[in-house]
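Got the viewer open? Here's a short tour: a few things to select, one after another, and what you'll find at each stop.

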Amino acid sequence: MTNALSAEDASVRLQAALAAGSSADPAFLETLVERCAVEPDFFVRDMLSWALARLSPQITLPRIRRELDSEHNQARSQALHTLSKIGDKGTWAWITRDMLRDPDDEVARTAWRVAAALVPEDEEKDLADELVLQLGRGDRGVQLSLSRALVHLGAVIRPVLEKAAESPDPAVAAHARATELLRRNPETGFDAAIEEAKRAVALGPERAAAAAAAAAAGAEAPGTAEPAQAAEAVGTAGDREAADC
């Protein structure tokens with residue numbers, strides 16, 4: 001099994017992880033955990049976590065907890081991912097602020113997702129207060145992960161997002177507004193939400209409201225300017241104003 005899990009061919013490693021999970025033999029625990037830290041293929045890593053989740057939590061969780069303190073980023077990230085597969089609410093206390101603020105994006109975004117899934121209801125507000133500190137961080141994928149984690153917490157995030165939307169940092173403000181748009185309408189695409197939020201930040205509250213009102217008025221009143229043209233006129237002025245600043 002050890003040889004198969006470290007084979008050159010990823011398909012062989014995938015089949016080995018599947019076999020290990022299917023047999024659910026506790027003798028494979030250490031081999032599976034060690035492989036999680038170095039496996040380069042995403043699908044194989046996911047299968048390794050599945051195989052670990054098939055073992056008894058009584059033997060798996062203590063070993064996974066040790067990996068959370070590993071000096072290797074992938075080991076920590078995959079250990080967190082495995083916790084999400086196991087889904088034991090008692091492991092919530094293992095997710096520390098350091099993990100939520102980890103400088104490695106993959107570790108942090110995994111911690112956000114797992115924390116949002118495992119947090120007790122009476123601690124959701126504290127988690128929201130912590131996660132909002134990461135708004136504006138990273139590339140699109142990182143920001144999407146954070147938004148999803150926040151939205152998962154539900155209505156508790158609304159006041160913290162409203163406050164963050166007033167941040168002087170335009171990246172933070174836009175990310176907060178986009179996340180609130182996703183909370184209100186989960187069907188909204190993230191890219192569309194971000195663009196709308198950036199526009200609102202660039203225009204400022206008054207001009208953004210004027211643009212929305214102009215668009216709504218144009219839609220209701222035949223013969224007036226097209227809504228998109230009305231919004232564009234306000235937006236152009238706002239863009240010039242932002243550029244001047």
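Start by selecting His175 and whatever touches it: leaving out residues up to four places away in sequence, its contacts are Leu135, Gly136, Gln143, Leu146, Ser147, Phe190 and Ile194. Keep in mind as you look around that this is a predicted model. His175 sits in helix α12, residues 170-184. Is His175 buried or exposed? It's buried, with a relative accessible area of 0%.

Next, pick out Leu135 again, since that contact of His175 leads to the next stop. Along with Leu32 and Leu131, Leu135 has the most contacts inside the largest nonpolar core, a set of 52 residues. Now colour helix α8: with eight residues, α8 gives the most to this core. Apart from that core lies another one, of nine residues, including Leu144, Ala178, Ile194 and Ala197. You've met Ile194 already, among the residues touching His175. In soluble globular proteins, nonpolar side chains tend to be buried together.

Jump over to Leu32. What does Leu32 touch, not counting residues up to four places away in sequence? Show Leu5, Ala20, Leu48, Ala51, Leu52 and Leu55.

Last stop: helix α9, residues 124-131. Which residues of α9 are buried? Select Leu127, Ala128, Glu130 and Leu131. They cover an arc of only 160° around the axis, so they end up on the same side of α9. To see what they pack against, add α7 (97-100), α8 (105-118), α10 (140-152) and α11 (158-164). Leu131 is a familiar face here, as one of the residues with the most contacts inside the largest nonpolar core.

Key. Residues numbered from 1 in each chain as written. Predicted model: local features only at pLDDT ≥ 70, side-chain atom pairs only at ≥ 80, totals over all residues. Heavy atoms only, no water. Buried < 20%, exposed > 50% of the residue type's maximum accessible area, 1.4 Å probe, protein only. Helix = DSSP H or I, 4+ residues; strand = E, 2+ residues; numbered from the N terminus. Arc of directions from axis to C-beta. Contact = heavy atoms within 4.5 Å. Core = buried A, V, L, I, M, F, W, Y, C linked by side-chain atoms within 4.5 Å.
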